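Q: Please pick one part of this chain and take a close look at it. Start somewhere off to the side if you like, then work your way in and tell me how the pieces connect.

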Amino acid sequence: MRLTRLFTLASAVLALLVCGMLGRLLWGEWEHYRAAGTGHHTLQLMQRAMVAAEKLSYERGPVNAVLGDHLPADPARHARLLRARADTDLALAQLRQDLAADAGPATALAPLYDALGAARLTVDQLAALPPAERTPERLDAAIERMFQLVPLALNAVTSYTRASEQVYPRIARILMKARLTVELREFAGRLGSALTVPLAAPRPLTEADHQRLQFLRGRIEQLRQLIKIPSSDIDSEPRVLAAVARMDEVYFAAGQRLVAEVEQASRAGRAYGMDTGQFAQRYVPCMAPILALRDVLLQEAQTQALQDYEAARHELVLALLVGAAILLALTLLLAIVRRRVVVPLLRATRAVVRLGNGDFSMPPSGARRDDEIGDMLRALATLRANSMDRQRLEQERVRLIEELRLRADTDYLTGILNRRAFTAAGNLRLRGARDQGESLAVILFDVDHFKSVNDSYGHDAGDQVLIRIAEVVRDSLRDGEIVARYGGEEFVVMPTYCGLEAAHALAERLREAISREPLTLSDGHILRVTASFGVAVAHGPHAALDDLFHAADLALYRAKRNGRNRVEQQA
Ligand SMILES: Nc1nc2c(ncn2[C@@H]2O[C@H](COP(=O)(O)OP(=O)(O)OP(=O)(O)O)[C@@H](O)[C@H]2O)c(=O)[nH]1
């Protein structure tokens, strides 16, 4: 796998793992935060349900007063009942409103609304009857219907308490105590209600009334002890301690004393000295500290729940920040590894490949880095420099060899082939001629009276003449026809494979060109020189170059002897 691909894959896997881990962490924190928010709402619902339960308990006081009233009814008592009912309805409406977004528990309240309507109807029908027709049985039945309302509300309180406890285990004990105060308020209310019928009649308390009072007092004391059991830090809170003390002082002293007064008057056969309404007016305020304790506990629960909610929010924000920081660090790390390791490695790889291919055009960058990659790039730079030196030396060597070869084959003065190179080429060509059954011709020529040129104009002028003659001959030849300086002022031409006649014609052409060409010396003198030519041809399997030269030389000798500036061919 290519390095870039491997790096991309590894980065993707790493990013996925980190994102998965962070996602899980954030999801947990988000769930915690969301649950805390929901729990806060549930706590409010619980409080609303407690208030509704309290109002239902409270409503029983004015109910008792109205049921114990004579005809014509006391408008003040009726007005109190209406106010109490309005309070209950308001508490239930607020609970219903808060439940609007919470379909489950709202439907659980339906039986309460039904029972409340039926209970109020019963009370109103009974209150409309003359007192004589309000028999104890009917009164008990009506009051019992009112009693049954509170447990229905307490069901909702219980379900919200449980829901809140699940979210805030820390405040479970506080909520339990708050719930106990609601129950205490209910039983305290029932204790008062237990006197409604005897006070309304009025009649002495029966044995059943005493037993009922005894039972209710026992339950109330039990609830009081449960509330007072030290269970959490909350019990040492000054506000809670003060509220408990006030409850003891007001309800358990004054409130219970009032009930005891009624009992004692009954036992002694005395008049009660108060009717139901007057009793309620004195007894109901005694229950207020119980509700005050409930409110203190609920406030404390809400404060702690709010702290939990804030802590969950804080942890969520912290988790988000940590997550973002981790992602940023990972991205930076990958970018650094890519920039500092992967990219330089790829560049180095490309540089090595280029060096291997002999391409030294781009120097490896980043050699100034002070790490292992830098060491490698510096080594690469050295390798490149060494390779470049080697390549330069190699090129120099090839050039020198070529120059040497040229020098070895070239006449130093005229630049045309020398005798050695010509002999080598001639032998090759002769072998070819033999193989192909062709004829090979040689034209040997010699400058006429060259000595007098040297003598008249100097050796340099003689050199210029030789150079010029070489140029003239070279320009007159066609491809495949070669010329060489055979020695001194003697030249040799080898045409392509041809017979004696064609070679003779070529020699004639060259002779004419030399004799026709005026030669201008460097000092301005213009010379005309001529040359004598000897032509010979070799043919057949036994043809030899020496014989060919020898024959041409003889013909040249004849040309000199016959007057120069002429062409002679082998006899
Ligand atoms: N300037 C110059 N002269 C050369 C060179 N090689 C040979 N010579 C001269 O060429 C002359 C040849 O003279 P000869 O052999 O007498 O022939 P010639 O004067 O050309 O007379 P013929 O060949 O009989 O026409 C000599 O004087 C050599 O010194 C050379 O490379 N440069």
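**From a helix to the paired strands**

A: Let's start with Glu263, which is found in helix H10, residues 238-268. Keep in mind that this is a predicted model. Glu263 has 17 C-beta neighbours inside 10 Å, so it counts as partly exposed; buried would take 20 or more. If you set aside its neighbours within four places in sequence, Glu263 is in contact with Leu205 and Leu213. Leu195 is another residue to look at here: it is 68 residues from Glu263 in sequence, yet the C-alpha to C-alpha distance is 9.1 Å.

Zoom out for a moment. The protein has 571 residues, and 33% of them count as buried. You'll find 18 helices and 7 strands in it. Take the contacts between residues at least 6 apart in sequence, and 76% of them join residues at least 24 apart. A record adds one stretch worth a glance on the way: an unreviewed UniProt entry annotates residues 316-337 as "transmembrane region". In the model that span is 100% helix and 0% strand, and its end C-alpha atoms lie 31 Å apart.

Now for the close-up, which is strand E6. E6 covers residues 531-538, and 8 of its 8 residues are buried, so the strand is largely enclosed by the rest of the structure. Look at both of its sides: Ala531, Phe533, Val535 and Val537 point one way, Ser532, Gly534, Ala536 and Ala538 point the other way, and all are buried.

What does E6 pair with? One partner is strand E1, residues 440-447, which runs antiparallel to E6 over 8 bridges. You can pin down the register with two pairs: Val447 stands opposite Ala531 of E6, and Leu444 has Gly534 of E6 as its bridge partner.

Strand E7, residues 567-569, also pairs with E6, this time in the parallel sense and through 3 bridges. There, Val535 stands opposite Gln569 of E7. To get from E6 to E7 the chain goes through helix H18 (residues 545-561), and this β-α-β crossover is left-handed. On the way, the loop between H18 and E7 holds Asn565. Its phi is near 45°, a positive value in a residue other than glycine. Asn565 counts as partly exposed because it has 17 C-beta neighbours inside 10 Å.

Back to E1. How many of its residues are buried? The count is 8 of 8, so E1, too, is largely enclosed by the rest of the structure. Both of its faces are covered, with Leu440, Val442, Leu444 and Asp446 buried on one side and Ala441, Ile443, Phe445 and Val447 buried on the other. Besides pairing with E6, E1 is joined by 4 bridges to strand E3 (residues 490-494), and those two run antiparallel. One of the residue pairs to check there is Asp446, whose bridge partner in E3 is Glu490.

Follow the chain out of E1 and you come to the loop between E1 and helix H15, which is where His449 is found. Like Asn565, whose positive phi came up above, His449 is a residue other than glycine with a positive phi, here near 50°. His449 is partly exposed because 13 other C-beta atoms lie within 10 Å, while the exposed class stops at 12 or fewer.

That loop takes us to the ligand. Which elements each supply at least two residues of the shell around it? They are E1, H15 (450-457) and helix H16 (459-476). H16 gives the largest share, with 4 residues. There are 15 residues around the ligand, and Phe450, Lys451, His459, Gly462 and Gly488 come nearest. By type, the shell divides into 7 charged, 5 polar and 3 nonpolar residues.

So which strand ties this picture together? Try tracing it through E1: this strand pairs with E6, is bridged to E3 and supplies at least two residues of the shell around the ligand.

Technical notes: Residues are numbered from 1 along each chain as its sequence is written. This is a predicted model: local features need pLDDT of at least 70, side-chain atom pairs count only at pLDDT 80 or more; totals for chains, interfaces and linings use all residues. Two strands pair if DSSP finds at least two bridges between them. A crossover is right-handed if, with the strands pointing away from the viewer, the path from the first strand over the helix to the second runs clockwise. A residue is near a molecule or strand if its C-beta atom, placed from the backbone, lies within 6 Å of it. Ala, Val, Leu, Ile, Met, Phe, Trp, Tyr, Cys and Pro count as nonpolar, Asp, Glu, Lys and Arg as charged, and the others, Gly among them, as polar. UniProt positions are given in the numbering used here, feature names are shortened, and annotations may be inferred rather than shown by experiment. Two residues are in contact if their C-beta atoms, placed from the backbone, lie within 7 Å.
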